[in-house]
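Please take me through this structure, from its salt bridges to its backbone geometry. I would like the reasoning kept plain.

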Amino acid sequence: MLSKKKLYILVFVCAFLTHSFAQTVDKMDWWKDAKFGMFMHWGLYSQTAGYWDGHIAKGNEHFMIHEKISLADYGKIANDFNPINFNAEKWVLTAKEAGMKYIVITSKHHDGFAMFDSPSSDYNIVKRTPYSKDPMKELVATCHKHNMKFGFYYSLGRDWEDPDVPTDWPTKGGRSNLVDYPDEDIKVFHKYFERKVKPQVEELLTQYGKIDIMWFDTPHDISVAESQELRDLILKLQPDCIINSRIGNELGDYKVTEQEIVKGLEKKPWEACITMGKNWGYIEYDTIYKSSELMTRQLLEIVSKGGNLLLNNGPTAKGEITDLAKERLAKIGIWMNKNSEGIYGSSPWKIQSELLSKAKKVDVVQIKDDKNTLKNTLKDTENDATSKEIIPEVQFTLKNNNIYAYVCSYHEKQVLIKSLSTENGLKIKSVIQLDHSQKTKWKQTKEGLEIEMPSYVENEIPISGFRIELY
């Protein structure tokens, strides 16, 4: 039996260790290590699939305001929305097998329609559609089952169902519902904030168990006080939930770039959300997606610069991930299964990338569909500014004091990586190809690291990862 003195010592030690552990574990750690997530835009706009009234709709998933459709007419889409093929298990496993570590889905997009059971607003999937169920309940539970982190997207500063949501981009009222609510001057954002935003955010954080991310969009007119109040509400309900920068007023936990990759190393946590095709929601005629090679290269570029990739796809009105998306993701998954060691849990090296001078291949991937393309004047609907160039290069990461070099889209028999020369003060102990398909032949000189490259089979992503151990 312990003496009183020993018991006091034991209690003190346990308390000290608990405090020390709490100090060293950051709720952002899992997110910083994850690197790769799935973004899903799904809503009433998925039902119309890019069309309205017999023609190709202007504005894609934003077509309600660009086609100047009344709330009454737009709301009728819900009468036909019945995602009978929705299967959360298939969705989550598609993401997981692609190497993704988290899912973020639209709980409410700009149209104001809630894709969840919202007691505070009957403009939702349970009350208004023949489906009459809450798909978020199944999706969150399935993510928990498969150890997949989960986040809700919520459109903060645009809501075309509510009468009190002014916008000021690109001009006054430029992204507002002016058909039903034409007078911008009488709109009071705080009324909407109190009536709809706070109740719905509370519902999202209390109805489904653990939520890992609140991913806001379009902060627009939210004040500093309102952003702070919203942040406080979230952390009161779910202290471990992380929040993106679009809560507004620099009160988020990480920065977001949309359809763009930062130019250099970013030291603060950041995430690029990027589409697979041209659009966020399901558009039937959007049938040209980025190749798996291009998307893998973009992932590596983002990770080398300290960021995460949130890769978007838009499920159909029936609740299915498109065959094109599944095909691309499956191919990425095969590559990730062999090469992801230097991605998860990595950090940027002092050099992010190196262009390879000796190369045969320089392609530009065109992401367009000439048959059904409208002239784009809607910069928030098709705004993909990411490079589509396929240029032979090396992307670098760092993990456990090892350098990881990913040689991208290079088809010569031997590569010379100049950044890893003896002239740069590096002494290499070993070079191991990550997929272990063959023993790596290599030599380090003052010119660089020479590696004998593998040959690629048809349909294989031509990117090879190497772990480089230093003395």
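**Salt bridges, one helix and the backbone**

The side chains of E266 and K255 meet in a salt bridge, with 3.5 Å from N to O. This pair links distant parts of the chain: K255 belongs to strand β8, E266 to the loop between β8 (255-258) and β9 (270-275), and eleven residues separate them in sequence. E266 has a relative accessibility of 22%, so it counts as partly exposed. K255 is also partly exposed, because its relative accessible area is 35%, where the class begins at 20% and ends at 50%. The model behind these values is a predicted one.

The structure holds 26 salt bridges, and a second group of them can be followed through shared partners. K108, D159, E161 and K196 are joined into one network by such bridges. Within it, the side chains of K108 and D159 meet at 2.7 Å, N to O. K108 lies in strand β4 (residues 102-108) and D159 in the loop between β5 (149-155) and α9 (189-206), so this bridge ties together parts that are 51 residues apart in sequence. K108 counts as buried because its relative accessibility is 0%. D159 counts as buried as well, because its relative accessibility is 2%.

The network also includes the salt bridge between the side chains of K196 and E161, at 2.6 Å from N to O. Here too distant parts of the chain are linked: K196 is in helix α9, and E161 is in the loop between β5 and α9, 35 residues apart. Both K196 and E161 are buried.

The next element to consider is helix α10. It spans residues 224-237, has 14 residues, and reaches 20 Å from its first C-alpha to its last, close to the 20 Å expected at 1.5 Å a residue. Which residues of α10 are buried? They are E226, S227, L230, R231, L233 and I234. Seen down the axis of α10, the buried residues fall within an arc of 160°, so they line one face of the helix. The general geometry of such a helix is relevant here: an α-helix has 3.6 residues a turn, so residues three or four places apart point the same way.

The face of α10 turned away from the buried side carries the exposed residues V224, A225 and K236. On the buried side, the cover includes α9, β6 (213-217) and β7 (242-243). Helix α9, part of that cover, is also the helix in which K196 of the salt-bridge network lies.

For the protein as a whole, the secondary structure consists of twelve helices and 20 strands. Of its 471 residues, 55% count as buried. Among contacts with a separation of 6 or more, 74% are between residues 24 or more positions apart. The accessible surface comes to about 21,300 Å², and carbon and sulfur atoms hold 51% of it.

Some backbone details remain. Most residues other than glycine have a negative phi, and most peptide bonds are trans. Against that background, W169 and P170 are joined by a cis peptide bond, with omega about -5°. P170 is placed in the loop between β5 and α9, the loop that also holds D159 and E161.

Two residues other than glycine have a positive phi to note. For A49, phi is near 55°, and the residue is found in the loop between α3 (45-48) and β2 (51-52). A49 counts as buried because its relative accessibility is 9%. For S132, phi is near 60°, and the residue is found in the loop between α7 (125-128) and α8 (135-145). S132 has a relative accessibility of 42%, so it counts as partly exposed.

The last point concerns cysteines. How many disulfides does a search of the whole structure find? It finds zero. C143 counts as buried, because its relative accessibility is 0%. C241 likewise counts as buried, because its relative accessibility is 0%.

Terms used
Residues are numbered from 1 along each chain as its sequence is written. This is a predicted model: local features need pLDDT of at least 70, side-chain atom pairs count only at pLDDT 80 or more; totals for chains, interfaces and linings use all residues. Side-chain values use heavy atoms; hydrogens and water are left out. A salt bridge is a side-chain nitrogen of Lys or Arg within 4 Å of a carboxyl oxygen of Asp or Glu. Helices (H or I, at least four residues) and strands (E, at least two) are DSSP runs, numbered from the N terminus. Buried means under 20% relative accessible area, exposed over 50%, partly exposed in between (1.4 Å probe, protein chains only). The expected span of a helix is 1.5 Å times one less than its number of residues. The arc is that of the directions from the helix axis to the C-beta atoms. Contact means heavy atoms within 4.5 Å. Accessible areas come from the Shrake-Rupley method with a 1.4 Å probe; for residues, only the protein chains shown count as cover. A disulfide is a pair of cysteine sulfur atoms within 2.5 Å.
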